[in-house]
Protein chains: 2
Amino acid sequence: MSRWEPNARGRLAEAALELCGERGYEQTTVAEIAKRAGLTERTFFRHYADKREVLFGGSGALQELFVNAVTGAPESAAPIDSIAAGLQAVSAMFVGRREYSRQRQALIVANAELRERELIKLASLSAALADALRRRGVAEPAASLTAEAGVAVFKVGFERWIAPAEEREMSQVMRESLDELKAVAAGG
Amino acid sequence: MSRWEPNARGRLAEAALELCGERGYEQTTVAEIAKRAGLTERTFFRHYADKREVLFGGSGALQELFVNAVTGAPESAAPIDSIAAGLQAVSAMFVGRREYSRQRQALIVANAELRERELIKLASLSAALADALRRRGVAEPAASLTAEAGVAVFKVGFERWIAPAEEREMSQVMRESLDELKAVAAGG
């Protein structure tokens, strides 16, 4: 990354969201995204493999944050509690980004390709969490089931957090969603 | 469907699995699948939209069976217990199909396109289950969380059931996986 392109990744992501919101995802080209961001196509491809990827620029960081929180939870923490710590960690990433998240989600829901990519990212998150849990000594199938449960809470909690008129912080929504999962699993 | 093509769907699915197993998914064409099944390409496309779809021919039936079991569970059943009934219902579909399921899974795991399609089918199953639960009067987010939990158990249980040397019936593996999910949710 050259010093003439400060925060190129973020600028490209913002430009992509703007343009796709205006024209639709399919009608937007990489060249237009780069231009809107004041950058070149070549710079675009230094940061993102393709047009889909620019809308998922944060998912690597999200996964890392989630996994690190699970890994760093106290040794005595039950698997589900280490997942709870992960949900709190990722919630911090979304502070102040509800409107951005709403716009992004609207694009994803409207496009089959983007929905596919989203599902792949969530499956990758689940695999990474299961791996982190196994490294904490959690056996199978508990590790995979806890990881899947964590991703389910994240997914459902995220949808609630971006719902119209929702104003609670993501951290609170995630806490409540996890409690709700526990309640339904217990036969509530 | 003409009377000269008995069980064309099943024959095409078997032929596809065989050929893809021999040559790889990408190297197999629709024409070859149809030929191996003793049918024409035209017949193939009467039954399946594309080459990917022939490997997912059972997923509509699976979803229907799962949803019907949830819908038909006793009114007094807790949401998670109606999901348990669904897991038992779909297990019946797989009796005698472990080796087929192993071959199919090996193909899916090896191909990104097929993994995507699989994730889409599971997301569709989850949405259909959430819908069935809401029709039973289950509120959100409990409905979505229970549905996601059910799909998580199905996914993890399925992987265990097809593991090498696994010999227990799917119904038993699903029961144990659901119990395990309840245990991890309870902080076990």
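**Figure 1. A:Ala165, an exposed loop residue in a predicted model.** A:Ala165 counts as exposed because 4 C-beta neighbours lie inside 10 Å, and a residue with 12 or fewer is classed that way. The structure shown here and in the views below is a predicted model. A:Ala165 sits in the loop between α9 and α10 (170-185) of chain A. Its phi is near 75°. That value is positive, in a residue other than glycine.

**Figure 2. The matching loop position in chain B, B:Ala165.** B:Ala165 belongs to the loop between α9 and α10 of chain B. Its phi is positive, about 75°, although B:Ala165 is not a glycine. B:Ala165 counts as exposed, with 4 C-beta neighbours inside 10 Å.

**Figure 3. The cis peptide bonds before A:Pro141 and B:Pro141.** In chain A, the bond from A:Glu140 to A:Pro141 is cis. Its omega is near 5°. A:Pro141 lies in the loop that joins α8 (112-135) and α9 (142-161) of chain A. In chain B, the bond from B:Glu140 to B:Pro141 is cis, and omega is near 5°. B:Pro141 is placed in the loop between α8 and α9 of chain B.

**Figure 4. Surroundings of A:Ser101 in helix α7 of chain A.** Helix α7 spans residues 98-109 and holds A:Ser101. A:Ser101 is partly exposed, because 15 other C-beta atoms lie within 10 Å. That count falls between the limits for exposed, 12 or fewer, and buried, 20 or more. Leaving out residues up to four places away in sequence, A:Ser101 touches A:Phe94 and A:Ile162. A:Phe158 is 57 residues from A:Ser101 in sequence. In space, the C-alpha atoms of A:Ser101 and A:Phe158 are 9.2 Å apart.

**Figure 5. Helix α9 of chain B, mostly covered.** Helix α9 of chain B runs over residues 142-161, 20 residues in total. From its first C-alpha to its last, the helix reaches 28 Å. This is close to the 28 Å expected at 1.5 Å a residue. Of the 20 residues in α9(B), 17 are buried. α9(B) also gives 10 residues to the side of chain B that touches chain A, the largest share of that side.

**Figure 6. The contact between chain B and chain A.** Here 28 residues of chain B are in contact with 28 residues of chain A. On the chain B side, α6 (79-93), α8 (112-135), α9 and α10 (170-185) each supply at least two residues. The largest share, 10 residues, comes from α9(B). By class, the side of chain B that touches chain A has 16 nonpolar residues, five polar and seven charged.

**Figure 7. Superposition of chain B on chain A.** A turn of 180° and a shift of 0.0 Å along the axis lay chain B on chain A. The RMSD is 0.0 Å. The two copies are therefore related as by a two-fold rotation axis. The same surface serves both copies. Of the contact residues of chain B, 100% recur in chain A.

**Figure 8. Domain 1 and domain 2 of chain A.** Domain 1 of chain A covers residues 8-54, and domain 2 covers 59-185. Their C-alpha centres lie 26 Å apart. Five residues of domain 1 of chain A are in contact with eight residues of domain 2 of chain A. Helix α1 (residues 8-23) of chain A gives three residues to the domain 1 side, the largest share. That side divides into three nonpolar residues, one polar and one charged.

**Figure 9. The helical fold of chain A.** Chain A has 10 helices and zero strands. Along the sequence the pattern reads α-α-α-α-α-α-α-α-α-α. The radius of gyration of chain A is 18 Å, close to the 16 Å that the globule rule gives for 188 residues, so chain A is as compact as a globular protein of that length. Taken along the principal axes, the C-alpha atoms of chain A fill a box of roughly 50 × 35 × 25 Å. Buried residues make up 38% of the 188 residues in chain A. Among contacts in chain A with a separation of 6 or more, residues 24 or more positions apart account for 59%.

How values were computed: Residues are numbered from 1 along each chain as its sequence is written. Chains are lettered from A and ligands numbered from 1 in the order in which they are written. This is a predicted model: local features need pLDDT of at least 70, side-chain atom pairs count only at pLDDT 80 or more; totals for chains, interfaces and linings use all residues. Domain bounds come from an automatic or database domain assignment. Two residues are in contact if their C-beta atoms, placed from the backbone, lie within 7 Å. Helices (H or I, at least four residues) and strands (E, at least two) are DSSP runs, numbered from the N terminus. Ala, Val, Leu, Ile, Met, Phe, Trp, Tyr, Cys and Pro count as nonpolar, Asp, Glu, Lys and Arg as charged, and the others, Gly among them, as polar. The expected span of a helix is 1.5 Å times one less than its number of residues. Copies are superposed by least squares on the C-alpha atoms of residues with pLDDT of at least 70 in both. The radius of gyration is taken over C-alpha atoms; the globule rule is 2.2 Å times the number of residues to the power 0.38.
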